[in-house]
Amino acid sequence: MKEKYAINGLFLTQNITGIQRFAYEIIKRLDQLSDKNEIVLVVPYETEINVQFKNISVVKYGSLKGILWEQVNYPDFLQKYNCLALCLTNVLPLFYRKGIVVIHDVSYKANPQFFTGFRNRMSAFWHCVNYHAAVHSKMKILTVSKFSKTEIQKYYNVEAERIHVVYPAWQHMDNVRPSATLYERYPQLKEKKYFFSMASLAPNKNIKWIMKAAKQHPDQLFVIAGGGKFNEKKRSNTLFLGYVSDEDAKMLMANCKAFLFPTHYEGFGMPPLEAAACGAPQIIVSNTPCMREVYGEYASYVDPHKPENWIVEECKNNNFKELLEKYSWESTAVVIKRLMEEAGQDGTAL
């Protein structure tokens, strides 16, 4: 094994949300930027691989699954072949902290009130352990916005120069063909006659805002897509679709009246950018520092605490082409590749 960098590929066993999307798209671009025998993608043994790489090799390794694979088999591989880790989805091997970790946000630390119930509290505890381990190592830390960088500094007292901002992007939607059967399956949907929101149903995504808005606007249809448990009371003018395919998402985004994203807290918030790329006529996001940073004058803003205030501030610039030009998977991958090379040169270690 000659590879210098080993990517944590556990995300390939998980449903795709924004974090997994980031990892997948970055790896595809790193494949184009790398030489053979430079990067290996390490995955659990039973992982299905649906993509072919030109330069990155894929190795199935270890007999464990989930967190145990990530904390036992993956670091065993790193140690055995003396590789630097590249961890793109918040979690790192706690006892092999050489390389790079991407911390997308520190919501688990900043917003403990969002995580109730035993399973959610355990998830919050586990992620906070990983945040702590990352900042108390010499690993390079990457995050996905200036806002998220200031949050990491705020909660963990990390030197600013240790944290590098690498923005997500949207070009993956160019390769998606809009669903041809969506409106047959959901005949209650009519083009340009519904508001659409897509996100996980975690509390910070603020689905409650949409449900309250639906109550106040019974003449409007609100369509919600996303994985997770839906606890809100359904109304006659709301349609919950659950987890949807990229093909369905593109059709829904392209033909909605506006895309809604009233989130309380994000590291970046990719869905409105995807909606803009797919042709949504308007994106309406929460009036928070992160959303202001990412979407600037190209979005309309709402108060995430007051659904009765339908739009606090109208969009100043609806030229989404200018917005989309700000973000590129290729340029982000170039920065990550450079940081990988720096990590290899300076011996980033425990």
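This report describes the sheets, helices, cores and internal spaces of a predicted model.

## Basis of the description

The model is predicted, and local features are reported at pLDDT of at least 70, side-chain atom pairs at pLDDT 80 or more, while totals for chains, interfaces and linings use all residues. Residues are numbered from 1 along each chain as its sequence is written, and side-chain values use heavy atoms, with hydrogens and water left out.

## The seven-stranded sheet

An open sheet is formed by 7 strands in the order 3-2-1-4-5-6-7, with parallel pairing; helices (H or I, at least four residues) and strands (E, at least two) are DSSP runs numbered from the N terminus, and two strands pair if DSSP finds at least two bridges between them. Its edges are strand 3 (57-60) and strand 7 (163-165), each of which pairs on one side only. From one strand to the next the twist averages 25°, where axes are lines fitted to C-alpha atoms, for helices over the stretch in contact, and angles run from 0 to 180 degrees between N-to-C directions.

Strand 1 (residues 5-8) and strand 2 (residues 39-43) are joined in the parallel sense by 4 bridges, and Ala-6 has Val-40 of strand 2 as its bridge partner. Both faces of strand 1 are covered, with Tyr-5 and Ile-7 buried on one side and Ala-6 and Asn-8 buried on the other; here buried means under 20% relative accessible area, exposed over 50%, and partly exposed in between (1.4 Å probe, protein chains only). Helix 2 (residues 66-81) lies across strand 1, strand 2, strand 3 and strand 4 (84-87), and runs at about 170° to strand 1.

## Glu-3, ahead of strand 1

Glu-3 sits in the segment before strand 1, and it counts as buried because its relative accessibility is 7%. Leaving aside neighbours within four places in sequence, Glu-3 is in contact (heavy atoms within 4.5 Å) with Asn-37, Glu-38, Ile-39, Val-40, Ser-57 and Cys-83. Of these partners, Ser-57 is 54 residues from Glu-3 in sequence, yet the two C-alpha atoms are 8.8 Å apart in space.

## The six-stranded sheet and its helices

A further open sheet has 6 strands in the order 10-9-8-11-12-13, again with parallel pairing. Strand 10 and strand 13 (300-302) stand at the edges with a single partner strand each, so one side of each is left without a neighbour in the sheet. Neighbouring strands of this sheet are turned by 25° against each other on average, direction ignored. Strand 9 is joined to strand 10 by 4 bridges in parallel, and the partner of Ile-224 in strand 10 is Phe-240.

Helix 7 (residues 207-216) packs on this sheet, where it touches strand 8, strand 9, strand 10, strand 11 and strand 13, and its direction makes about 160° with that of strand 9. Helix 9 lies across strand 8, strand 11 and strand 12 (283-286), at about 170° to strand 11. Helix 8 (residues 246-254) is mostly covered, with 7 of its 9 residues buried; these buried residues pack against elements including helix 6 (182-185), strand 8 (194-198), strand 9 (221-225) and helix 9 (271-278).

## Nonpolar cores

The largest nonpolar core (a set of buried Ala, Val, Leu, Ile, Met, Phe, Trp, Tyr and Cys residues joined through side-chain atoms within 4.5 Å) has 106 residues, and those with the most contacts inside it include Phe-22, Leu-88, Phe-196 and Tyr-295. Not counting residues up to four places away in sequence, Phe-22 touches Leu-88, Val-102, His-104, Val-144, Val-166, Pro-168, Trp-329 and Ile-336. A second, separate core of 14 residues includes Met-211, Phe-222, Ala-258 and Leu-260.

## Cavity and pocket

On a 1 Å grid over the protein atoms alone, a cavity is a set of points where a 1.4 Å probe fits but cannot get out, and a pocket is an open set with protein on both sides within 12 Å along at least five of seven lines; lining residues have an atom within 4 Å of a point. Grid points are joined across faces, edges and corners, and a volume is the space filled by probe spheres set on the points. The structure holds 1 cavity of 30 Å³ or more, and the largest cavity has a volume of about 40 Å³. Tyr-5, Leu-84, Ala-85, Leu-86, Gly-99, Ile-100, Met-340 and Ala-343 line it, with strand 4 giving the most, 3 residues.

The second largest pocket has a volume of about 320 Å³. Of its 17 lining residues, the closest to the centre are Leu-12, Ile-16, Arg-21, Tyr-24 and Asn-50, and helix 1 (residues 18-33) gives the most to the lining, with 5 residues.
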